[in-house]
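Hi everyone, thanks for coming. I'll walk you through one model today, so please have a look at the picture before I start.

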Amino acid sequence: MATKVGLISLGCAKNLVDSEIMLGHLRSAGMDLTSDSTEADVLIVNTCAFIDSAKTESISAVLEAHRDRGLHRRHANQRLIVAGCMSQRFSSELTGELTEVDAFIGLDQLEEVAPIVRRVLARPAGAAPDDLVPDHLPVYIPDFNTPRWRLTPKHFAYVKIAEGCNHPCSFCVIPQMRGKHRSRTIESVRREAEQLVSEGVKELLLISQDTTYFGMDRWTEGRSPRAQVTASRGESLIDLLEALSSIQGDFWIRLLYTHPAHWSDELISTIARLPKVARYVDMPLQHIEEGMLKDMRRETSEAHIRDLVQRLRKGIPGLAIRTTFIAGFPGESEAQFETLLDFIEETKFERLGVFTYSQESGSRAAKMDGQIPASVKKVRYRKAMAAQQKIAKERAASLVGRKMRVLVDSPTSARTEADAPDVDGKVILTAPLPTGEFAEVTITGHKIYDLIA
Ligand code: SF4
C-alpha cells in the first residue's frame, strides 16, 4: 500500500508554494496525499518563523500533532517531520528540544522530501533524526517543471518568481533563513504561467520577498553601486509583466510584495499600459518618519515614499495600494508615531495592515535601545487601525451603485481587482454566481471592509 502523507502549511504564500512543491514531489514518488492527518503515515508541518507569534504557532502545531499521535491508536507509528523557516533556522536547537520530531527538512531540501520520508519510515519509531539540515544559506529556486500539487482553489495560483532577499531591514530575519535574492528566468516563469492559465487559473499572484527586484540580482551582482547604474539592464519585472501579459486568455496578474526602493516610472507606465495587470500594488512601507526609516534600514526616505505614492496614483488611474506599517519600533517617540498616523489619514490607502513590532532574536533591532512596552505598542496599533477603518468605510460607501468586475471565489463571495485573496476584503454576493469565473456586478451596499453586490 502506498505511503500516506499529510501536510500542515503555516505562514505566508511563499511557504504555501514550498508546501505545494513538497506535495508535488511526494505524488511524483507514488505516495498518497491525505487531508485527514489521523490516517497519515507521515505528517509534515511546514512552519513559519517570521515573528515570535508565528514560531509559537509552529511549535504548538508540532506538539499538537505529536499529542494526537498518542491519543489515537492508529497514530502510534505516525512519523512527524518539520519543514519550513523554523526548521531551516533552528533545527540544531530544536533537535534536542523537540524530541517528538522524526526529521527536520531545510529550505534547500524541498525536492528531497520523498527520500527523507522513506528514510524516516525505515527507522524504528522514536529513533533520533539522522538527517541534518544543511548548514548554509539556502540557494534553491523552483523551475517551470518543478512538480507541484496546488493547495489554492482552481482559479488562482501563487507564482514564486524569486526567493531570498538582499535588503538589510533591521527588524527582519528572513534573509538569515531564506538566503540571498535569486530570480528565476522570465522563460521559466512564463512557461509555468502558461500552464496554469491553460488549467483554468484566472489570477496569477506573483510573489517573492521583493518582486520589484526580480532579475536585478543577475545583472547587479558583484558590481559596485556606480557600475550598477551604468550596467546594461538585464531581465526585469517590466519584461516579466510584458511576457506574462502576452499569454492568451482572460486573467489577472497581481503584484505582491514590492519594495519602494525599486520602483521606476517605466514600471509604473508598464502596469498602466497592460490591462491584464491588476490595478493593485502591494508595497509594505513599514513607516514614513525619516528617523524610523533610517533605524529600520529601509534603504528609502520619507520624501521618496511620498513622491512615489503620488506617481503611482497619477500614473495608474484606479490603482489600489495595499501597505503595511509597524507600530512601536524601538525608539519610536509619540511624535514619530503621530507622523505615521497623519500620513495614514492623509494618504488614505485603499488597503492597510498594521503590525506591532516584534523583537526578533538575531535581528539588529532586537538589540536596539528604547524597546517600546507592549501596552504602548497595542495603543498605537489600535489608533492606526481605527484611522484606517474610517477610511475603509468611506471608500466602501463611495463604491455603492458602481458596476465592477469581480472574480468569483465561491457562489456567495467574490473579489474585485483591488482585493488579493486572504489579506483583503471581499464582495458578498446576494445571488449565487459560478465559482472561478469573472462576472460583472453592481455594488448595492457595504460593511466596513467588504462590499455587497
Ligand atoms: S525587504 Fe526587508 S522586511 Fe522584506 S524580507 Fe527583505 S529584509 Fe525582510
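Let's jump straight in with a strand pair: valine 82 has phenylalanine 104 as its bridge partner in β5. Before going further, a word on what you're looking at. This is a predicted model, where local features need pLDDT of at least 70, side-chain atom pairs count only at pLDDT 80 or more, and totals for chains, interfaces and linings use all residues. Residues are numbered from 1 along each chain as its sequence is written.

Back to the strands. When I say strand, I mean a DSSP run of E of at least two residues, and a helix is a run of H or I of at least four residues, both numbered from the N terminus. Two strands pair if DSSP finds at least two bridges between them. In general, strands of a sheet pair through backbone hydrogen bonds, either parallel or antiparallel.

So which strands make up the parallel open sheet? It has 5 strands, in the order β2-β1-β3-β4-β5. The edge strands there are β2 (32-33) and β5, each pairing on one side only. Strand β4, residues 79-84, is parallel to β3 (residues 42-47), with 6 bridges between them. On its other pairing, with β5 (residues 103-104), β4 is again parallel, over 2 bridges.

Now keep an eye on isoleucine 81. Its bridge links it to isoleucine 44 on the β3 pairing, and to alanine 103 in β5. What else does isoleucine 81 touch, leaving aside neighbours within four places in sequence? The contacts are Val42, Ile44, Asp102, Ala103, Ile105, Ile116 and Val120, where a contact means C-beta atoms, placed from the backbone, within 7 Å.

Is β4 mostly covered or mostly open? Mostly covered: 6 of its 6 residues are buried. Buried means that 20 or more other C-beta atoms lie within 10 Å of the residue's own, exposed means 12 or fewer, and partly exposed is in between, with C-beta atoms placed from the backbone. Both faces of β4 are covered, with Arg79, Ile81 and Ala83 on one side and Leu80, Val82 and Gly84 on the other.

That brings me to the largest nonpolar core, which has 126 residues. A nonpolar core is a set of buried Ala, Val, Leu, Ile, Met, Phe, Trp, Tyr and Cys residues joined through C-beta atoms within 7 Å. Among the members that touch the most others are Met22, Ile44 and Ile81. Helix α1, residues 13-28, gives the most to this core, with 6 residues.

Here's a second sheet. This open one has 6 strands in the order β17-β14-β15-β16-β19-β18, and its pairing is mixed. At the edges stand β17 (438-442) and β18 (445-446), each with a single partner strand, so one side of each has no neighbour in the sheet. The partner of β18 is β19 (residues 451-452): the two run antiparallel, joined by 2 bridges. Within that pair, histidine 446 is bridged to leucine 451.

Zooming out, how is the chain divided? The assignment, which is automatic or from a database, gives domain 1 (4-122), domain 2 (156-395) and domain 3 (403-452). The centres of domain 1 and domain 3, taken over C-alpha atoms, are 34 Å apart.

What about the ligand? Around it sit Cys165, His167, Cys169, Cys172, Ile174, Pro175, Gln209, Asp210 and His259, each with its C-beta atom, placed from the backbone, within 6 Å of it. That shell divides into 5 nonpolar, 3 polar and 1 charged. Here Ala, Val, Leu, Ile, Met, Phe, Trp, Tyr, Cys and Pro count as nonpolar, Asp, Glu, Lys and Arg as charged, and the others, Gly among them, as polar.

I'll finish with a few single residues. Methionine 86, in helix α3 (residues 85-97), is buried, because 28 other C-beta atoms lie within 10 Å. Aspartate 369 sits in the loop between β13 (351-356) and α14 (374-398). Why does aspartate 369 count as exposed? Because it has 6 other C-beta atoms within 10 Å. Still, aspartate 369 touches Pro330 and Gly331, not counting residues up to four places away in sequence.

Last one: lysine 348 isn't a glycine, yet its phi is positive, about 50°. Lysine 348 belongs to the loop between α13 (334-347) and β13, and with 15 C-beta neighbours inside 10 Å it counts as partly exposed.

Definitions and conventions:
Contact = placed C-beta atoms within 7 Å.
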